[in-house]
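Got the viewer open? Here's a short tour of what to select and what you'll find there.

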Amino acid sequence: MSAAAWQPPSFERIGRSLAKAYAAVFFCHSPWVGAWFAALTWWTPRAALGGLAGLLAALLWARVFHLSTVGRLHLVNGLLSGLIIGALHTIEAAFFLWIALAALLSTLLAHWLAALFWKTARLPVLSLPFAIACWTVFLAWQANAPATLPLSALTAGNVPLFRPWLDDFFISIGWLLLIPYPLAGALVFSGILVASRYLALLAVAGYAAGMAAVLMLGGGDTRMTAFNFVLAAMALGGFFAVPGRASFLAAITASVLAGWCAIALETLLHPLHLPLLTMPFLCATYVMLGSLGARLSAREPILTLDHPATPEINYERARLAQARGGKADSLPLQPPFHGEWRITQGFDGPHTHRRPWQHALDFDIADGDRNHGGDGTAREDYFCFGAPVLAPIAAQVVRLRDDLVDVLPGEVDVANNWGNFLLLRTGAGLHVLLAHLKRSSIKVRVGEWVAAGQQVASCGSSGRSPVPHLHLQVQLEEQLGSPTRPFHLTNVLLRGKNLAREFRLFHLPSAGEEVSAALSDERLAAAVRLSRDRVLAYRFRTSPGGDVKPVTLRAKLTLLGQPRLETGNGASAAYEETPAVLGFYDRNARRDHMLDLWLLAVGLTPLSAVADHWNDRPPARLLPLPAGQRLLCALLRPLGASCDSRYRRKWDEASGTWLQEGEHTLRLAPGFAWRCLTRAWIEPGRGICRLRLEMQGTVWEAELESGSPPLS
């Protein structure tokens, strides 16, 4: 970017970023909560001044050395460094110098260690730069004997307010911000409670577990360090993991480990006259995240190391991901065929799909109740015999066999159960087996990489195959006969009554179902897809009584390469386009009715024109609920809720558009539900030209401006 094009960031943007740094100390993200924490630090004025100085110094050092400023890692470490140095040092000339040096070291370490930790172990750096920088300063202080104060001086004149155990909890919370007073800690805890009730619950549970461990292991007074137990529980229970029973157990375990580490590190650091700072939290969190992250399969607790967020956001993302993609440990595969095939045996099938080979599917082609023509005595009578077999995933060929004769219908070759087969190894190390292939039909060689959807063989009847069919399974090992692993089909159409086609992003077929791949329709895909930097101008109106106002939606690419749809006021949602579907997710917190209307109406849109109905589970916060209903929803569903959304789409000949209708139901309790209806008109060559939402007398409408550029 040229110097002329560069513009300094606004004061509002800088202020929000600094406020979020205060919030991030307790894994919160709201700038208002951060501003609350910042105001509370002035309970100890020297600490508050030092924290602000450390924060600004970290911001300045990052700009001076042109370091990456994505995220707030360097700001949080600079803030913490400034807080403790400011609290312990008298205000004189050296006060700001020590803070500037600590902010410099913590900023450089944050930038370097972030890349190192992620590349080597996929671990976050957290507050390790702060601990190293402050220890370096404290060791230098011992040599120069500056005018510093003991930590115990901060608690002088501490007035009890609540019961002793409750005072100790609030004092421990306050220590992280260098305001170790019962009332100050209680106000900090109230900010955590406002930001996330689940984080507040984890704070209480983590403190109790850590203190219990310290008492049982014979530790001493931990009021100055017990915030480590709180941080460990927050990190493992909701910020770096999806909330649930498994992550709550991990949170309690991490708090116990932090208590143990506090005792051990106190013995190690006492001769050096160094405080523990956040090292017990860091040790426990690194051990837990490193161990859980090294698992070969994605099982609970599900980690969110790539995109950590508050427990509510993590849980919302997990709900949507499960609704759209199935279980995390299930491998998605494309249908390995053209056209519509029938499942003759599914998972845990009664014939051959028994443990440990229960995760497998058998397919053939049926016409009504028949899978063959003629009398069925010849292999060629069967509709599937000789039909193309496609690679269900991009993978490398590791084994194959192609020389076995296809047996006659009614016969089996038990000496070669799998018959002619093709074994593919995925990038994740799993193996996909296609079996009972036609003799001499395999079109690839060992070592060759194949693309998903590439024809690799033909369906046959070799091996243990009483009638021609295709066998599909996923296994961990390369050896034939290895135990199978879960998988599912993705982007499929399921045939229902009256030839209706239900689109499913993921599907585990049952015996008797007929499925086909959801093939993209060029006209529909061109109308729905979002080209980069495309601006959509709409006239938006809320009825009754609302004025018509212009709004714009812009498709843009973030610095991290994520495509997002953004409105003019900063509200945005990420989206993903595949050959089969356009899907939106990760709606940010900025309120915007137009974006909510868009996400409800077209948040999940298959690009197959023959897909006439499908389901989704968008977050309930998209609904236009009044304040009272939002409060009730928050009380009944503290981790958020999802809508049960059912979509239908048909071609409307009169208007020359696809009409996509959605019914969205929010069920808070048995017999208690709210509903809203959406409509989207999709015009070939022009795009999504009109949107409408109706709920409880509220109507949102948006119409594409006539001057909007046509689709290319």
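Keep in mind that this is a predicted model. Start with the second largest pocket, which has a volume of about 1,000 Å³. To get to its middle, select Leu 151, Met 224, Thr 225, Pro 275 and Leu 276: of the 42 residues lining the second largest pocket, these are the closest to its centre. Next, color the helices α4 (73–88), α6 (128–144), α7 (164–175) and α11 (245–269). Each of these elements gives two or more residues to that lining. Now try coloring the second largest pocket by residue class: you'll get 25 nonpolar, 12 polar and 5 charged residues in the lining.

Stay with α6 and α7 for the next stop, and pick Phe 162 in the loop between them. Is Phe 162 buried or exposed? Partly exposed, in fact, with a relative accessible area of 37%. Add Trp 43, Val 159, Leu 161 and Leu 183 to the selection, and together with Phe 162 you have a nonpolar surface patch of about 460 Å².

Last stop: enclosed space. How many cavities of 30 Å³ or more does a search of the whole structure find? Just 1, and about 70 Å³ of space lies in the largest cavity. Zoom in by selecting Ala 527, Leu 530, Leu 536, Gly 687 and Ile 688, the nearest to its centre among the 13 lining residues. Then show α14 (522–528), β14 (535–543) and β24 (687–695), each of which supplies at least two residues of this lining. By class, the lining of the largest cavity comes out as 9 nonpolar, 1 polar and 3 charged residues.

Conventions. Residues numbered from 1 in each chain as written. Predicted model: local features only at pLDDT ≥ 70, side-chain atom pairs only at ≥ 80, totals over all residues. Heavy atoms only, no water. Patch = residues over 30% accessible without salt bridge, like charges linked within 9 Å, V, L, I, M, F, W, Y side chains within 5 Å. Areas by Shrake-Rupley, 256 points an atom, 1.4 Å probe, with all protein chains shown as cover. Salt bridge = Lys/Arg side-chain N within 4 Å of Asp/Glu carboxyl O. Helix = DSSP H or I, 4+ residues; strand = E, 2+ residues; numbered from the N terminus. Buried < 20%, exposed > 50% of the residue type's maximum accessible area, 1.4 Å probe, protein only. 1 Å grid on protein atoms, 1.4 Å probe; cavity = no way out; pocket = protein on both sides within 12 Å on 5 of 7 lines; lining within 4 Å. Points joined across faces, edges and corners; volume = space filled by probe spheres on them. Nonpolar A, V, L, I, M, F, W, Y, C, P; charged D, E, K, R; others polar.
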